Amino acid sequence: MAGDHSGLNKEEMKNIALIGFMGAGKTTVSHALRALYGLTEIDTDQEIVRQEGRPITEIFATDGEAYFRQLEHDVVLRFQDVHAAVISCGGGLVMNPENVKNLRTSCIIVFLTATPETTLLRVKDSADRPILNGHMDVAYIRMLQEKRRPAYEAAADICVATDGKDVETICCEIMQKMKDFS
Ligand code: S3P
């Protein structure tokens, strides 16, 4: 998956913001969109970790979730002028409507979905997500996904289910649906 064989008009294309619950595949899809289409890759969580010089678990433990959410808000503002980029958003980022408004100025917002069962399989071995600490089970994931679903759906321009699909298929689906917005 090397190089840019997309034929995309990067001057004119809007950025892609990937949203969705933890384990929806945002990071994997973002890496693949960079590799397949030569998009610039931005990851809001990684930006925060780089800026703070400490992992997300530590930010939550020391300064609390509200502080992390403020950092998330600031990161979105910092990347309003990027072009031909894929922005992988932390799973809770679009719970703040202001973040959605700010993303919308330069991005088509793509909601990646996965069932609670698929999600658990993808996240169960990770200790990097404080929101799921002590809650690594299908019932909790389903409950939180349902609670967040209205915000994801309200933010989304495009929705792509990821269960059982390989990453290239998901990327093709996204780029196909992006054509409706060009
Ligand atoms: C969070 C999701 C995480 C990260 C943080 C909070 C959430 O990102 O931003 O742990 O509230 O859903 P991923 O969705 O990339 O795991």
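## One turn of helix 2

R50 and E47 both sit in helix 2 (residues 44-52), and being 3 residues apart there, they are separated by about one helical turn. Keep in mind that what you're looking at is a predicted model. Across that turn, R50 and E47 form a salt bridge, with the closest N and O atoms 2.6 Å apart.

Is each partner buried or exposed? R50 has a relative accessibility of 61%, so R50 counts as exposed, because the cut-off for exposed is over 50%. E47 has a relative accessible area of 13%, which makes E47 buried, since buried means under 20%. So this salt bridge joins an exposed R50 to a buried E47.

## More salt bridges

How many salt bridges does a search of the whole structure find? The count is 12. One of them is in helix 4 (residues 65-78), where R69 and E65 are 4 residues apart, which puts about one helical turn between them. Their side chains meet at 2.9 Å, going from N to O. E65 is partly exposed, at 37% relative accessible area.

Helix 7 (residues 138-155) has a pair with that kind of spacing too: E153 and R149 are 4 residues apart, or about one helical turn. For the salt bridge between E153 and R149, the closest N and O atoms are 3.9 Å apart, and that still counts because the limit is 4 Å. E153 is partly exposed at 46% relative accessibility, and so is R149 at 30%. Salt bridges can also link up into a network, as they do for E52, R54 and D63.

## The whole fold

Now zoom out. The protein has 8 helices and 5 strands. If you walk along the sequence, you meet them in the pattern β-α-β-α-α-α-β-α-β-α-α-β-α. How compact is the protein? Its radius of gyration is 16 Å, close to the 16 Å that the globule rule gives for 182 residues, so the protein is as compact as a globular protein of that length. Along the principal axes, the C-alpha atoms fill a box of roughly 45 × 35 × 30 Å.

What share of the 182 residues counts as buried? It's 47%. The chain also brings together residues from well separated parts of the sequence: among contacts between residues at least 6 apart, 73% join residues at least 24 apart.

## Surface and charge

On the outside, the accessible surface comes to about 9,000 Å², and 52% of that belongs to carbon and sulfur atoms. As for charge, there are 20 positive and 27 negative side chains. The centres of those two sets lie 2 Å apart.

## A meeting point inside

T119 is found in helix 6 (residues 116-123). With a relative accessibility of 0%, T119 counts as buried. What does T119 touch, once you leave out residues up to four places away in sequence? Its neighbours are F21, M22, G23, A114, I141 and Q145.

Follow that last name, Q145, and you land in helix 7. Q145 is buried as well, at 9% relative accessibility. With residues up to four places away left out again, Q145 touches F21, A114, T115, P116 and T119. Take F21 as an example of how the chain folds back: F21 and Q145 are 124 residues apart along the chain, yet their C-alpha atoms are separated by 6.7 Å.

## Two more spots to find

Where does A84 lie? Look in the loop between helix 4 and strand 3 (85-88). A84 has a positive phi of about 50 degrees although it is not a glycine. At 9% relative accessibility, A84 counts as buried, because the limit for buried is under 20%.

Last stop: E168, whose place is in helix 8 (residues 167-178). E168 is partly exposed, with a relative accessible area of 32%, because that value falls between the 20% and 50% cut-offs. How far apart are the C-alpha atoms of E168 and H73? They are separated by 30 Å, and the two residues are 95 apart along the chain.

How values were computed. Residues are numbered from 1 along each chain as its sequence is written. This is a predicted model: local features need pLDDT of at least 70, side-chain atom pairs count only at pLDDT 80 or more; totals for chains, interfaces and linings use all residues. Side-chain values use heavy atoms; hydrogens and water are left out. Helices (H or I, at least four residues) and strands (E, at least two) are DSSP runs, numbered from the N terminus. The radius of gyration is taken over C-alpha atoms; the globule rule is 2.2 Å times the number of residues to the power 0.38. Buried means under 20% relative accessible area, exposed over 50%, partly exposed in between (1.4 Å probe, protein chains only). Contact means heavy atoms within 4.5 Å. Accessible areas come from the Shrake-Rupley method with a 1.4 Å probe; for residues, only the protein chains shown count as cover. Lys and Arg count as positive and Asp and Glu as negative; His and the chain ends are not counted. The place of a charge is taken as NZ of Lys, CZ of Arg, CG of Asp or CD of Glu.
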